[in-house]
Number of protein chains: 2
Amino acid sequence: MTDVRLVREQGVTAPGGFRAAGIAAGIKVSGNPDLALVFNEGPDYAAAGVFTSNQVKAAPVQWSRQVLKGGRLRAVILNSGGANACTGPGGFQDTHSTAEAVAAALSEWGTETGAVEVAVCSTGLIGDRLPMDKLLAGVTDVVQAMAGGLVGGDEAARAIMTTDTVPKQVALHHKGDWTVGGMAKGAGMLAPSLATMLVVLTTDAKVDAQALDVALRRATAVTFDRLDIDGSCSTNDTVLLLASGASEITPSQDELDAAVLAVCDDLCAQLQADAEGVTKRVSITVSGAGSDDDALIAARIVARDSLVKTALFGSDPNWGRVLAAVGMVPFTIDPDRITVSFNGSPVFQDGTPMPGARDVDLSGADIHVTVELNLGSGQATVRTTDLSHAYVEENSAYSS
Amino acid sequence: MTDVRLVREQGVTAPGGFRAAGIAAGIKVSGNPDLALVFNEGPDYAAAGVFTSNQVKAAPVQWSRQVLKGGRLRAVILNSGGANACTGPGGFQDTHSTAEAVAAALSEWGTETGAVEVAVCSTGLIGDRLPMDKLLAGVTDVVQAMAGGLVGGDEAARAIMTTDTVPKQVALHHKGDWTVGGMAKGAGMLAPSLATMLVVLTTDAKVDAQALDVALRRATAVTFDRLDIDGSCSTNDTVLLLASGASEITPSQDELDAAVLAVCDDLCAQLQADAEGVTKRVSITVSGAGSDDDALIAARIVARDSLVKTALFGSDPNWGRVLAAVGMVPFTIDPDRITVSFNGSPVFQDGTPMPGARDVDLSGADIHVTVELNLGSGQATVRTTDLSHAYVEENSAYSS
């Protein structure tokens, strides 16, 4: 891609045809912003989505998967302050009512909208019903805020934050003619993930739902699906991609794929950098596997290993823990042919430690671990973080 | 079993026909005891062993698996202060030399012994060669200490400690006629494990290697294999069972199985209670699965979930994290039929939270999580611990 610009100061409202808003509806006890709306003004309403692979799916995931089957969305309503997961039939009814309320408010404002054109995303503590009085009042307010004419992408990105310390958004401008924008919260991946990851992507490209679906699945498979902070998998993970067609330009599938990939990759890096308790941004690359799938399995096992992650927190080049983790893969490896490197320095090769292996400097914030299996040409990289005191603190000190 | 006594003050030398010793050979920089010997005086020398399932196997594991094929052991030499894993052909030669040295010292003392009758176990940092001058000198010393006539089970149990804070041993006296004893170090399981787990079990029952093998595999499958501290898997895990026949009594397979199981179960509880960073002893029981294997998979997923483990560290009955973990199982479940209980109090049932679910008291040191899937009759329990600051500290502050 030439003449392409990534801008982190912009998000879902960078592409033409989109408005957004974020407000404090009182769902969070803290009083922080907790309700966001992304609205597609058209002229097109094509949409695609990918969702958590967890079998325990939150009510909003069940709802949004259902409505996405039509390949068409007018709006996405997102709340923080409660996941609305494991809340039974009443919880699903709450999600339905929220979509109905958004549709009604948008219709009243002049855009005839049905509830089935409204996706719902929720994030927060699992197991509690949402405060529907506050949420429904908030829906009216957030539609008014959006209708008020402000662009609102920043506010929306802030309203979906939970343990995030910074809002995450980015926009890609393609040769000045069409744009993809996005916002994200959380610090994980689709499956598995740490806490809920919610992502809304928008574009003014003139493309149909099928093209969006292809681009989204290709991009998430190598970005959010390969961000693994702690191996845990949320009940609520959702990534949505909406197209307004406002640019009147139809990129090729390749161009669309590349643009969506670039935006997902950048949001992914932002999620990693703001993961709970992160002090090190770690990438694990496994190469020389029998297939890319095998490489991904191996990289994930290393990325999830608590002993590897605590060693990296301590800036300790304890490469033996990497080998021990690799030894747990469910396919046959030959330990004597493995090469392990830290930040480009080989520490173990041909079955034996390399000189200076204990002295590799891992004091920086970025650590790259590479494992060459010498079995084939399969390769994959997983992004993760270290396991720090702050992670333990953040996840033990209060319910989230 | 009636008239059976478990005594924690005794270990591998409780059964007749066994001597042991533990000394400081200077392998550990700290100067703490680091070399242990368990010696079988006979008249029988039957033995069985189970080893790590990690594909990256330490030299002593490769050696001991090999010699165990004969079903016969005179002695086990165990060192802490170095795992001798990922050390190449030289490391294997070191293990071989150690077994040769033990055989020579025992032969010199008057017990004709071959190196193939000596199992070797090592634990400590992966990737460094052992200080063989100190180790070989230590072999002479430890054989002399054993030959000196002290029973030595306590000393042996202390010499294999690494991050353990207390030695672990137990003996089961069967109706006063035969005995099973054991010692253990580490805080993990066979596969996977935290750090290395080494266990030596002894008995004066008159049983052959086949009976020992059966009893050992049955016992480890439901004890050490179901202790999962952090999902990591050591390169060195070893459990050995040696029989001297000194009691001249041959128990039935059922009696032997029950006795070995009781000793393994007790050592397992001791390992759990002394796991790295433990503040809570946690058991996860999954019932109502399609099979026991499925139940074990589900229990392990919950036991390894960092978000569950940090919540329990905080005494937080955050049952949503348990459900989210269960939702990741690789077989089909019905979330609406699951019941989750904490310490016997149902917190989630029939798809909805139970009243008072947020108020269950988890402030005690023992926490029992039960998950009823209502799919079948499969059941399994996994022992684990919480994920605490101390765990992070212990595993990041220095190489181990």
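# Exercises on a predicted two-chain model

The structure, a predicted model, contains zero disulfides over all chains.

**Exercise 1. Explain why A:C268 forms no disulfide, and determine whether A:C268 is buried or exposed.**

Solution.
- Step 1. A disulfide is a covalent bond between the sulfur atoms of two cysteines.
- Step 2. The cut-off to apply is a pair of cysteine sulfur atoms within 2.5 Å.
- Step 3. The cysteine sulfur closest to that of A:C268 belongs to A:C264 and lies 8.0 Å away, which is too far for a bond.
- Step 4. A:C268 has 0% relative accessibility and therefore counts as buried.
- Step 5. In chain B, B:C264 is likewise in no disulfide, the nearest cysteine sulfur being that of B:C268 at 8.0 Å. B:C264 is buried, with a relative accessible area of 0%.

**Exercise 2. Classify the aromatic pair formed by B:F39 and B:W109, and state which parts of chain B the pair ties together.**

Solution.
- Step 1. Over all chains, the structure holds six aromatic pairs.
- Step 2. For B:F39 and B:W109, the ring centres are 5.5 Å apart and the planes stand at 75°, so the pair is edge-to-face.
- Step 3. B:F39 belongs to strand β3 (residues 35-40) of chain B and B:W109 to helix α2 (residues 88-109) of chain B, so the pair ties together parts 70 residues apart in sequence.
- Step 4. B:F39 counts as buried at 2% relative accessibility, whereas B:W109 is partly exposed at 34% relative accessible area.

**Exercise 3. Identify the residue whose ring face lies under A:R74, and do so likewise for B:R74.**

Solution.
- Step 1. In chain A, A:R74 lies over the face of A:Y45, 3.9 Å from the ring centre.
- Step 2. In chain B, B:R74 lies over the face of B:Y45, 4.0 Å from the ring centre.

**Exercise 4. Describe how strand β16 of chain B is covered and how β11 is joined to β16(B).**

Solution.
- Step 1. Strand β16 of chain B spans residues 378-385 and is mostly covered, since six of its eight residues are buried.
- Step 2. Strand β11 (residues 281-289) of chain B runs antiparallel to β16(B), and seven bridges join the two.
- Step 3. Opposite B:V282 stands B:T384 in β16(B).

**Exercise 5. Establish how chain B is related to chain A.**

Solution.
- Step 1. Chain B superposes on chain A by a rotation of 180° with 0.0 Å of shift along its axis, at an RMSD of 0.0 Å.
- Step 2. The two copies are thus related as by a two-fold rotation axis.
- Step 3. In chain B, the C-alpha nearest the axis is that of B:H389, at 2.8 Å.
- Step 4. The same surface serves both copies, as 100% of the contact residues of chain B recur in chain A.

Technical notes
Residues numbered from 1 in each chain as written. Chains lettered and ligands numbered in written order. Predicted model: local features only at pLDDT ≥ 70, side-chain atom pairs only at ≥ 80, totals over all residues. Heavy atoms only, no water. Buried < 20%, exposed > 50% of the residue type's maximum accessible area, 1.4 Å probe, protein only. Helix = DSSP H or I, 4+ residues; strand = E, 2+ residues; numbered from the N terminus. Pairing = 2+ DSSP bridges. Least-squares fit on C-alpha atoms with pLDDT ≥ 70 in both. Contact = heavy atoms within 4.5 Å. Phe/Tyr/Trp six-rings, centres within 6.5 Å; stacked < 30°, edge-to-face > 60°. Lys NZ or Arg CZ within 6 Å of the ring centre and 35° of its normal.
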